[in-house]
Amino acid sequence: MITASRLAKSHGLRTLFEDVTIQLTPGRRVALIGGNGTGKTTLVEILIGVQDADAGEVHIAKDSTVGYLPQELTDNPSARAIDEVLSASALAALAASVHDLEAKLADGDADEGLLDRYGELQSRFEQQGGYALEADAYRVLAGLGFSNEQAQRPVNELSGGWRMRVALARLLFSNPDILMLDEPTNHLDVDSVAWLEQYLSQWSGALLFVSHDRDFIDAVANRIIELANQTATEYVGGFAEFVVAREERIVAAEAAAAQQQRRVAHLELFVDRFRYKATKARQVQSRLKTLQKLEAIPVPSRGEVAKRFAFPEPRRSSRVVAELHGVTGGYETGNPVVSDVELVIERGQKLALVGPNGAGKTTLLKLLLGELTPESGVAKLGNNVDIASFAQHQVEVMDFDKTVLEEFRSDVGDDSGRNLRSILGSFGFRDEASERRVGELSGGEQTRLALAKTMVNPVNLLILDEPTNHLDLPSCDVLEDALVAYPGTVLLVTHDRHLIRSVAERLIVVRDGRATIHTDLDSALAPREQALTPAAARQESTSKSPKNNERKNRRRRSAEQRHGENQARKDLTKAERRWERAEAEVAKLEADLSDPEIYDDHSKVRELSKLHEKAKAQSAARLEEWERLNAADSETTS
């Protein structure tokens, strides 16, 4: 559906990427990963036509629809959330016509032509599943955390995070042929992330998404494209397979480069030794020509590994850092957000707070910190408790005209003989990076700077609210290592399940006004079944009529057909992977056979030749298998 070839893009003198080729076809769910500032968002915007590439071409198949969710929204519609989602349906215009005719008929304009027109449109609307639209829209909104009451609210009255969810729901509901999402999980809670990954893992169109969430990538993607070293490298499989394949690729490249260096050294030694011997002149010239023709084998970088951040030693707090006994509270008297909370946090514990957005996680933290007075119960901090907290708004209050070092120094100061450049280096701002303007940083780099400012001072209670939003994977690794090594107490609010499992010992699950402690992290983080919305419940209550039974049977047959098509595509993808592995084995053996040094060992040549023939036969068989499955899939979907 989308084919991009030899794309290149630079910002000033800095090359983001070059010679990038990408192909998106139905059933391919591609995760685009890479460090902050490598050009992930730029590449996505080139693919959809928002930006122009410096070189290369992008072709989108005729009549293909493209849906795109950016990291930040620019529009703010006044329609209700449910209406905004419904407007994305291809049946929206038909629904409007049906409702318009119903209004005219209700006003008494019941001439024969109008009745015929209404009957025709109503029949077409029903046949195309129009009467299930509203239930489906409510179901998508519910999956993304909306209550039925919230779904009725105007979008422009919602916060930025909830408006982003409406945009995502609208995009999913429009069911485009090609779906592109830039950090779609940033504004979601754990429940909504789990729902979205289940939804997207069944996506039958082409999907390209940018994410730093390992669990989400692993659950959704069947391919990974890594943007690094100014180029894009594609890997087949999920995140776990990507990690293994990338390491194998780097190790193989390092071995090939080392072998080449040994050969170069051998050739140079021969030239130096026999350069002035007339009897060796021909051999010397031959080796000089060989050296001139050799192109250095590139070795992919694993990326800069930040040194582990060394926390300053905090003073020792009391054993009980914070406690809440029978606490009920909120923002309006008589309308509590959380009720009857019993919670004791002890020194050195690392706890993660999870639960739906709006359930009361932030309220609970404010009650704990004394920023809200409880209606009833007791909330208090222990003795000698020093607190540092991080929230997303801290990025917004930074001075964008200052350099990274100046902004860091303005908050931290130069006391205690600390080397600020060294501290910034542990957060990824090395050398000249510390002299860049804050306004020139990517969103992830700004978040990283705000985290550095939060974590640098000696405190014994660290509170982090969604710290991984906009971070890249290497930065998430730095944060994870830092929190594991942190000697104090941690309260972590995040939707990143990998980070939770790596750092937290227990979960505080905030739901339905209650806060409960869980020690079994996996069961508490498992996806929850979505409750039926009122629209869905109404549909369920009328499902016994013959017409609805027939409609239900049609949906069941359609679902079975989609399941069969999805299974066929999975089989096709597996066959493609087997073929690619077989081709890689052929290429490896051909590279071994092209090495002149092996021909001194005739037995080794014979062995490699046999393996090469066997690998070619295996590759041909895998290709034949792929072609057979591809032909069957084409017939099924045609």
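This passage covers a small set of features in a predicted model: an N-terminal sheet with its helix, and the surroundings of one proline.

Residues are numbered from 1 along each chain as its sequence is written. As the model is predicted, local features need pLDDT of at least 70 and side-chain atom pairs count only at pLDDT 80 or more, while totals for chains, interfaces and linings use all residues; side-chain values rest on heavy atoms, with hydrogens and water left out.

Start with the sheet. Three strands (DSSP E runs of at least two residues, numbered from the N terminus) line up in the order β2-β1-β4, forming an open, antiparallel sheet. Both β2 (14–24) and β4 (55–60) are edge strands with a single partner each, so one side of each has no neighbour in the sheet. Pairing here takes at least two DSSP bridges between two strands. On average, neighbouring strands are turned by 20 degrees against each other, direction ignored. Between β1 (residues 2–11) and the antiparallel β4 there are 5 bridges, and A8 has A55 in β4 as its bridge partner.

Helix α1 (residues 40–48; helices are DSSP H or I runs of at least four residues) packs on this sheet and touches β1, β2 and β4, contact being heavy atoms within 4.5 Å. The direction of α1 makes about 130 degrees with that of β1, using lines fitted to C-alpha atoms, for helices over the stretch in contact, and N-to-C angles from 0 to 180 degrees.

Now for P314, which sits in the loop between α11 (281–293) and β10 (320–329). With 12% relative accessibility, P314 counts as buried (under 20%; exposed is over 50%, partly exposed in between; 1.4 Å probe, protein chains only). Leaving out residues up to four places away in sequence, P314 touches P458, V459, N460 and P487. N457 lies 143 residues from P314 in sequence, yet their C-alpha atoms are 8.4 Å apart.
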